[in-house]
Amino acid sequence: SHHTAKENRDNFRRCFLDMGHVLVELLWFKNTTKSVMCDVLEYCLSDDWGYSFLFKFGHCLQRGDESDTEVDRQVAQLIVAEFSHFKEVLTMVWNEETSQKPANDTVHGIKGQRRKGGIMEELHIKRDALLESFHSFDAQYKKLLGEYINPDADMNELIQTTAAITNKFKPLDCGSGWGEEVKQQIPYILAGVFTVFTIRRS
C-alpha cells in the first residue's frame with residue numbers, strides 16, 4: 001500500500017542504492033542488475049500512487065542524504081539518469097540548475113524606482129513578500145508534479161483549473177495596479193503553467 005511504501009522509503013532507498021553500486025562497480029552483473037531494478041520500478045507503477053511515489057523517491061535520490069558518502073551521491077545521480085522512470089525529476093532539476101541565481105540573491109538584488117512629478121524616487125520592494133510567493137510557487141509546483149506525473153492523469157483538468165484562476169481576474173487593469181488577491185494567486189498560476197511544461201517536455 002502507499003502507506004507502507006512511504007513508511008519504508010528510507011529502507012527502499014538504501015536497498016536501491018546498494019543495487020546501484022552493483023550496477024556501477026560490477027560490470028559482469030550490470031545487465032541483470034539493471035533488469036531487476038527496472039522490474040522493481042515497474043512494479044511500483046502497478047498502482048496509481050506509484051507515479052507520485054517514484055517522483056518523490058527520485059527527487060530524494062537526486063537531492064542526497066547527509067549519511068551518503070560521495071560515492072553514494074554519484075551512484076544515486078547515475079540511477080536517476082539511467083532509468084526513464086525518473087525523467088520528470090531530471091527535467092525539474094534542469095529547471096532549477098539553469099536558474100542564474102538562488103531566489104534569495106535575486107530578490108535581494110531587486111531595486112525599484114518610479115517617476116513622480118518629473119523626479120525619479122526609490123520604490124520600496126516588499127522582499128519578504130516576494131520570497132514568500134516564491135516558496136508558495138515552489139511547494140505547489142512540486143505538489144502538482146507529484147499529482148499529475150501519472151500518464152493517465154487528466155492534464156486538461158490542470159490546464160482548466162489554472163485557466164479558471166486567471167479568468168476570475170478578467171478584465172485586469174494593469175494601470176490601476178494589482179491587488180493583494182491577484183498577487184496571492186500568481187504563484188499558483190505559475191505552478192500550473194510550469195507543471196504542464198515540465199511533464200510535456202519530459
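Colleague: How many of the 15 residues of helix 4 are buried?
Modeller: This is a predicted model. The buried residues of helix 4 include Gly50, Tyr51, Ser52 and Phe53. Others among them are Cys60, Leu61 and Gln62. Helix 4 is mostly covered, and the buried count is 12 of 15.

Colleague: What distance does helix 4 reach from its first C-alpha to its last?
Modeller: Helix 4 has 15 residues. At 1.5 Å a residue, 21 Å is expected. The model comes close to that, with a reach of 21 Å.

Colleague: Which residue just after helix 4 takes a positive phi?
Modeller: Helix 4 spans 49-63. Just after helix 4 there is a phi of about 85 degrees. The residue that takes this angle is Gly64.

Colleague: Which helix gives the largest share of the largest nonpolar core?
Modeller: That core has 32 residues, and Leu54, Phe57 and Leu61 are among those with the most contacts inside it. Elements giving two or more residues to this core include helix 2, helix 4 and helix 10. The largest share is 6 residues, and it comes from helix 4.

Colleague: Which residues does Phe16 touch, leaving out those up to four places away in sequence?
Modeller: Phe16 is among the residues with the most contacts inside the largest core, as are Phe57 and Ile79. Phe16 touches both Phe57 and Ile79. The full set is Met37, Val40, Leu41, Phe57 and Ile79.

Colleague: Is Phe134 buried or partly exposed?
Modeller: Buried means under 20% relative accessible area, and exposed means over 50%. Phe134 has 34%, so Phe134 is partly exposed.

Colleague: What is the geometry of the pair formed by Phe134 and Phe137?
Modeller: Both residues lie in helix 8, 3 residues apart, about one turn of the helix. Residues three or four places apart in an α-helix point the same way, because there are 3.6 residues a turn. The ring centres of Phe134 and Phe137 are 6.3 Å apart, with 45 degrees between the planes. The pair is tilted.

Colleague: Why does the pair of Phe137 and Tyr141 count as stacked?
Modeller: Phe137 and Tyr141 are 4 residues apart in helix 8, about one helical turn. Both are buried, with Phe137 at 16% relative accessibility. Planes under 30 degrees apart count as stacked. The ring centres of Phe137 and Tyr141 are 5.7 Å apart, and the pair is stacked because the planes lie at 10 degrees.

Colleague: Which residue forms one aromatic cluster with Phe134, Phe137 and Tyr141?
Modeller: The structure holds 4 aromatic pairs. One of them joins Phe134 and Phe137. The cluster that includes Phe134, Phe137 and Tyr141 also takes in Phe194.

Note on methods
Residues are numbered from 1 along each chain as its sequence is written. This is a predicted model: local features need pLDDT of at least 70, side-chain atom pairs count only at pLDDT 80 or more; totals for chains, interfaces and linings use all residues. Side-chain values use heavy atoms; hydrogens and water are left out. A nonpolar core is a set of buried Ala, Val, Leu, Ile, Met, Phe, Trp, Tyr and Cys residues joined through side-chain atoms within 4.5 Å. Buried means under 20% relative accessible area, exposed over 50%, partly exposed in between (1.4 Å probe, protein chains only). Contact means heavy atoms within 4.5 Å. The expected span of a helix is 1.5 Å times one less than its number of residues. Rings of Phe, Tyr and Trp (its six-membered ring) pair if their centres lie within 6.5 Å; planes under 30 degrees apart count as stacked, over 60 as edge-to-face and the rest as tilted.
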